[in-house]
Amino acid sequence: RLTTSSPASTPIYANLAAVRVKQWRWKGALATALMLTLEIEPSHAKALYRKAQAHRGLKELEAALAAIVQARESRAATGNSDMASLEGFVKKDLAKLEEAK
């Protein structure tokens, strides 16, 4: 039986967060990624990536960058091109926001 604190449930929650991102269910994706990173595996690179995606979807750009930084500190995220791409998009979004001000 899997529980939320079981390491065996890590892939399930990582995939659930990915599904919610694909559905543009940002709050659900964020909640799932937070549960995974807070309760099961704090340095889970994919969960941190989903967390950053969800924050970007919610227009919480500073929080998205913070999740990217946190993921970079995880050895598993080193050299992740998806993470680098997401970081570029978030920085562009921030620049547009600053321009609009």
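1. A helix here is a DSSP run of H or I of at least four residues, and helices are numbered from the N terminus. With that in hand, welcome to this predicted model. Helix 5 is a good place to start: Lys91 and Glu87 both lie in it, four residues apart, or about one turn of the helix. Their side chains form a salt bridge, with the closest N and O atoms 3.3 Å apart.

2. Glu87 has a second partner. It also forms a salt bridge with Arg72, where the closest N and O atoms are 2.1 Å apart. This pair links distant parts of the chain, since Glu87 sits in helix 5 and Arg72 in helix 4, 15 residues apart.

3. Which residues are joined into one network by salt bridges that share partners? They are Arg72, Glu87 and Lys91. Is Glu87 buried or exposed? Glu87 counts as buried because its relative accessibility is 12%, and buried means under 20%. Arg72, at 44%, counts as partly exposed, and so does Lys91, at 46%.

4. Elsewhere, the side chains of Lys101 and Glu98 meet in a salt bridge, at 4.0 Å from N to O. Lys101 is exposed, with a relative accessible area of 74%. The count of salt bridges comes to four.

5. Now for the nonpolar side of the picture. In soluble globular proteins, nonpolar side chains tend to be buried together. The largest nonpolar core in this model has 13 residues, and those touching the most other members are Ala52, Leu65, Ile68, Met83, Leu86, Val90 and Leu94. Helix 3 (45-57), helix 4 (61-73) and helix 5 (81-100) each supply at least two residues of this core. Helix 4 gives the most, with six residues.

6. Ile68 is a nice residue to click on. Leaving out residues up to four places away in sequence, Ile68 touches Ala52, Met83, Leu86, Glu87 and Val90. Apart from the largest core lies another one, of five residues, including Ala14, Leu36, Ile40 and Ala47.

7. Finally, have a look at the largest pocket, which has a volume of about 260 Å³. Its lining is made of 16 residues, of which Val21, Trp26, Gln53, Arg56 and Leu86 lie nearest its centre. Helix 1 (10-22), helix 3 and helix 5 are the elements that give two or more residues to this lining. Sorted by class, the lining has seven nonpolar, three polar and six charged residues. Leu86 is worth a second look: it is among the residues nearest the pocket centre, and it is also one of the core residues that touch the most other members.

Notes
Residues numbered from 1 in each chain as written. Predicted model: local features only at pLDDT ≥ 70, side-chain atom pairs only at ≥ 80, totals over all residues. Heavy atoms only, no water. Core = buried A, V, L, I, M, F, W, Y, C linked by side-chain atoms within 4.5 Å. Buried < 20%, exposed > 50% of the residue type's maximum accessible area, 1.4 Å probe, protein only. Contact = heavy atoms within 4.5 Å. 1 Å grid on protein atoms, 1.4 Å probe; cavity = no way out; pocket = protein on both sides within 12 Å on 5 of 7 lines; lining within 4 Å. Points joined across faces, edges and corners; volume = space filled by probe spheres on them. Nonpolar A, V, L, I, M, F, W, Y, C, P; charged D, E, K, R; others polar.
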